[in-house]
Amino acid sequence: MPNTTEVNMDKKVRDTVLDTLSIVVMFYTIITGVCFIFLASDEVSNEGTYQRMSDLMSIKVWGLLFCLSAIFHLIAVVIEYRRLQYLFFMIAGFTGFGLTLLYATASFDTSAYKINAFRYLLFAGVNITIALKGVKAWREEKVL
């Protein structure tokens, strides 16, 4: 049976990893969201990726959803109250995963250069990692 010092150290390392990943993704997500909100319609009409995304919903709505996802990441990093923090890591991770996966899919479908699509897919992977680590932390915190 691990002693209390080992458990506390494991929790600190786990939380630091989650916080760091969330901060990186949060900045990417907020920049993407703000750019989508202020993106001019003539810029959208010239890019296949954004045309494909606007077929699903307007680019401004995409921007608001990206900003909302960034806010979830911020809340998860700031809140240190028992298991509530891990709940926000799960919410932020799963919403970010969904958004960036759709973004990557639209980019794969329409871009001549696939490097951007792989970049979005990388962020989708980081988001799902945050969500799954949040689930794992939730379960471990329940046991403690």
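Helices, in what follows, are DSSP runs of H or I with at least four residues, numbered from the N terminus. With that convention, Ser-22 lies in helix H1. The structure shown above is a predicted model, and I shall begin with this serine before turning to the overall fold, an aromatic cluster and one helix pair.

Ser-22 has a relative accessible area of 0%, so the residue counts as buried. Which residues does Ser-22 contact, leaving aside its neighbours within four places in sequence? The partners are His-73, Val-77, Phe-89 and Ile-130.

Let me now place that residue in the whole. The secondary structure comprises six helices and zero strands, and along the sequence the pattern reads α-α-α-α-α-α. The protein has 144 residues, of which 37% count as buried. If we take the contacts between residues at least 6 apart in sequence, 70% of them join residues at least 24 apart.

I turn next to the aromatic residues. How many aromatic pairs does a search of the whole structure find? The search returns nine. In one of them, Phe-36 with Phe-66, the ring centres are 5.6 Å apart and the planes stand at 85°. Planes over 60 degrees apart count as edge-to-face, and the Phe-36 and Phe-66 pair is therefore assigned to that class. Phe-36 belongs to helix H1, residues 4-37, and Phe-66 to helix H4, residues 59-78, so this pair ties together parts that are 30 residues apart in sequence. Are these two residues buried or exposed? Phe-36 is buried, at a relative accessible area of 3%, and Phe-66 is buried as well, at 1%.

Phe-36 also pairs with Tyr-103: here the centres are 5.4 Å apart and the planes lie at 70°, so this pair too is edge-to-face. The link is again between distant parts of the chain, since Phe-36 is in helix H1 and Tyr-103 is in helix H5, 67 residues away. Tyr-103, like Phe-36, is buried. Taken together, Phe-36, Tyr-50, Phe-66, Tyr-103 and Tyr-120 form one aromatic cluster.

A contrast is offered by Phe-38, which is found in the loop between H1 and helix H2, the latter spanning 41-46. Its relative accessibility is 66%, and Phe-38 therefore counts as exposed. The C-alpha atom of Phe-38 is separated by 8.5 Å from that of Gly-63, a residue 25 positions apart along the chain.

Finally, I come to the packing of H3, residues 48-56, against H5, residues 84-110. Two packed helices are described by the angle between their axes and the distance between the axes. For H3 and H5, the axes come within 8 Å and cross at roughly 130°. The two helices are therefore oblique to each other, and their crossing is right-handed. Which residues of H3 and H5 meet? On the H3 side they are Gly-48, Thr-49, Tyr-50, Arg-52, Met-53 and Leu-56. On the H5 side they are Leu-102, Tyr-103, Ala-106, Ser-107, Asp-109 and Thr-110. By class, this contact has six nonpolar, four polar and two charged residues.

Two of the residues just named, Tyr-50 in H3 and Tyr-103 in H5, take us back to the aromatic cluster, of which both are members. Tyr-103 is also the partner of Phe-36 in the edge-to-face pair described earlier. With that, I conclude the presentation.

Terms used
Residues are numbered from 1 along each chain as its sequence is written. This is a predicted model: local features need pLDDT of at least 70, side-chain atom pairs count only at pLDDT 80 or more; totals for chains, interfaces and linings use all residues. Side-chain values use heavy atoms; hydrogens and water are left out. Axes are lines fitted to C-alpha atoms, for helices over the stretch in contact, and angles run from 0 to 180 degrees between N-to-C directions. Angles under 35 degrees count as roughly parallel, over 145 as roughly antiparallel, 65 to 115 as roughly perpendicular and the rest as oblique. A crossing is left-handed if the near helix is turned anticlockwise from the far one by less than a right angle, and right-handed if clockwise. Contact means heavy atoms within 4.5 Å. Ala, Val, Leu, Ile, Met, Phe, Trp, Tyr, Cys and Pro count as nonpolar, Asp, Glu, Lys and Arg as charged, and the others, Gly among them, as polar. Rings of Phe, Tyr and Trp (its six-membered ring) pair if their centres lie within 6.5 Å; planes under 30 degrees apart count as stacked, over 60 as edge-to-face and the rest as tilted. Buried means under 20% relative accessible area, exposed over 50%, partly exposed in between (1.4 Å probe, protein chains only).
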